[in-house]
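Biologist: I am new to reading protein models and would love some company. Could you take me slowly through one part of this one, and then show me what lies on either side of that part?

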Amino acid sequence: MMAGPKAAIKADPLSFKGWPRDRARRRIRFIKEYLVTPRGHGAGKPVNLRAFQKEIITGAFAPGIRTALISIPRANGKTAIAAMLGLAELFVGPMSAEVLVVASDQRQANITFKLAKRMVELNPELADRTHIFSDRIYVPETDSTLVPLPAEYGALQGYDPSLLIVDELHVVTEDVWSAAVTAAGKRPESLTLAISTPAASEDSLMWRLVKHGREDEDAQFYLREWAAPEGCEVTDRDAWRIANPALADEDPFLAEDAIEAVRKTIREPVFRQLRLGQWAKGIDSWLPFGAWEDLAAPEVVVDPKQKIVLGFDGSASGDSTALIGCTVEKQPHVFVAGLWENPHDPRWRVPRREVIDQIRYMFNHYNVVELAADPWGWRTELEELAQEFGEKRVLMWNTAQAQRMGPATDRMYQAVVNKELTHDGNQSMANHFSHAVAKSSTVGDLITKDKRNSPRKIDAAVAAIVALDRSAFHSKKAGRKVASFKR
Ligand SMILES: Nc1ncnc2c1ncn2[C@@H]1O[C@H](COP(=O)(O)OP(=O)(O)OP(=O)(O)O)[C@@H](O)[C@H]1O
Ligand SMILES: [Mg+2]
């Protein structure tokens, strides 16, 4: 298409006299009266806005809502509703409305943009009052613009959006999200609306926001999730309906056989995530979804007199290095005593001095029974520490040795699923746990990264496994002493 406006606009502005002032109802009415379904089921006919779509609009455009997150499986009209709401904003939104449609990249954003363009072209009343450019849609009578943008930090700068729509949130980084929310916060009334399938991991912006929404403490935040009941069979068609409102509608625009075809050709965890809206991790992921997070007890303060052990997994060079503490007691508490991570800089090196100083600090200020450390790359320093704090208190623990690591890994697994420990809720440590992938061996499951050289680090999880194992050892030893004393 040629860039540049078409002929000058001669049509009178559309009149919305007598229309409801309520933001949601105005938009719903506009979509029903002015928009035509461009493709798929019902193509060429006026949009039949389904009950669940009205629910989304009513929830997201309720007074005071600044951020709305809709979690919904694929093919339930995410892109279509984004385009429809974008156009509604241009005609019945505030004056000088600015709509940003953000997707993973420019090409994805252009899909929504093209859909919106097509909807304008299909209604002469709208087409006569709209300038369509190659990179934006402009409506002179309201001085309003719609722009498709890639989810990049720089691209979002300099806008003052009244409506920012994110199609598929799991491609958006934290940086981009805060840029988006900041950009959208400048007007007295504005909305950031994200419509997305769940992400594949807990280490994601989407999961953070879903948790925020589930807490239900932020009156400016609206969350609506469509998902099949946890633990359902993948073949359970009632569960499909619960997760897919476009399928459950009396006039469905998503077909059951389409879902069935997909089910046969993709892996189960992916089907659960994308088609059932479930927070399922990859089949090889180590811990069950959310299991680690459930144990967070950030209010716990470790008393300096309380016996603790330290687990250490150090990197020889540019990898992350973790020092994890664990109390010696029946229900141990795991906490980060130090975690040094590469900030995505290839020249970065572990600050070895700082690491050793922190270990010293722990020995000097806490009741450290033992430091169990992977000696790889740190032998000299560890020997120095053994000299300083006593040979008995520094244990060389080779984390590459499956005989040792297998049972220790199993102990951590059991403790987590049986809720026999707590931890400090440290986000980086939680990420390391969520990155861990199970690798079976003759001595039980071991954990590894998802791939060699992956930036998804697991060192804090490894150090925690070591710490918990030694905590259990010392806890048992203490138990035995008491028993023999009684006799
Ligand atoms: N009321 C309606 N709302 C939305 N889409 C509808 C409606 N009626 C029919 N359709 C059609 O259903 C299809 C919805 O597909 P759309 O691409 O919007 O879904 P999606 O959730 O973005 O899919 P994906 O997950 O593949 O990105 C489109 O072809 C659209 O034209
Ligand atoms: Mg889409």
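Modeller: Happily; we will look closely at the place where the two domains meet, and then step out into the sheets.

Please keep in mind that this is a predicted model. The domain assignment splits the chain into domain 1, residues 23-225, and domain 2, residues 293-481. Computed over C-alpha atoms, the centres of domain 1 and domain 2 are separated by 44 Å. Where the domains touch, 5 residues of domain 1 and 5 residues of domain 2 take part in the contact.

How much area do domain 1 and domain 2 bury between them? The answer is about 440 Å², and 27% of it lies on carbon and sulfur atoms. On the side of domain 1, the residues that lose the most area to domain 2 are Glu202, Asp203 and Lys211, which together make up 80% of what that side buries. In case you wonder about the choice of quantity, the size of an interface is often given as the accessible area lost when the parts come together.

Now zoom in on the chemistry of this meeting place. Across the interface of domain 1 and domain 2 there are 3 residue pairs in polar contact. Sorted by class, the side of domain 1 that touches domain 2 offers 3 charged residues, 1 polar residue and 1 nonpolar residue. The count of salt bridges between domain 1 and domain 2 is 1. To find a salt bridge here, look for lysine 211 and glutamate 293, whose side chains come together with N and O 3.5 Å apart. You have already met this lysine, since Lys211 is one of the residues in domain 1 that lose the most area to domain 2.

The structure as a whole holds 28 salt bridges. Among them is the pair of arginine 208 and glutamate 174, with the closest N and O atoms 2.8 Å apart. Arginine 208 sits in helix 7 (residues 205-215) and glutamate 174 in helix 6 (residues 174-184), so the pair links parts of the chain that are 34 residues apart.Let us step out to the sheets. One open sheet has 8 strands in the order 3-4-5-2-6-7-1-8, with mixed pairing. Strand 3 (131-132) and strand 8 (221-225) are at its edges with a single partner strand each, so one side of each is left without a neighbour in the sheet. Within this sheet order, strand 2 (residues 98-103) and strand 5 (residues 144-150) run parallel and share 6 bridges. Valine 102, for instance, has leucine 149 in strand 5 as its bridge partner.

Another open sheet is formed by 6 strands in the order 13-12-9-10-11-14, and its pairing is mixed too. Its edges are strand 13 (394-396) and strand 14 (422-423); each has a single partner strand, so one side of each lacks a neighbour in the sheet. Strand 12 (residues 367-373) runs parallel to strand 13, joined by 3 bridges. One of the residues to find there is alanine 373, whose bridge partner in strand 13 is methionine 396.

Finally, try the hairpin that joins strand 15 to strand 16 through 2 residues. Strand 15 (residues 437-441) and strand 16 (residues 444-448) run antiparallel, with 5 bridges between them. Serine 441 stands opposite glycine 444 of strand 16.

Conventions. Residues are numbered from 1 along each chain as its sequence is written. Chains are lettered from A and ligands numbered from 1 in the order in which they are written. This is a predicted model: local features need pLDDT of at least 70, side-chain atom pairs count only at pLDDT 80 or more; totals for chains, interfaces and linings use all residues. Side-chain values use heavy atoms; hydrogens and water are left out. Domain bounds come from an automatic or database domain assignment. Contact means heavy atoms within 4.5 Å. Buried area is the accessible area (1.4 Å probe) that two parts lose on being put together, summed over both. A salt bridge is a side-chain nitrogen of Lys or Arg within 4 Å of a carboxyl oxygen of Asp or Glu. A polar contact is a pair of N or O atoms within 3.5 Å; within protein, one must be able to donate a hydrogen and the other to accept it, and residues adjacent in sequence count only if both atoms are side-chain atoms. Ala, Val, Leu, Ile, Met, Phe, Trp, Tyr, Cys and Pro count as nonpolar, Asp, Glu, Lys and Arg as charged, and the others, Gly among them, as polar. Two strands pair if DSSP finds at least two bridges between them. Helices (H or I, at least four residues) and strands (E, at least two) are DSSP runs, numbered from the N terminus.
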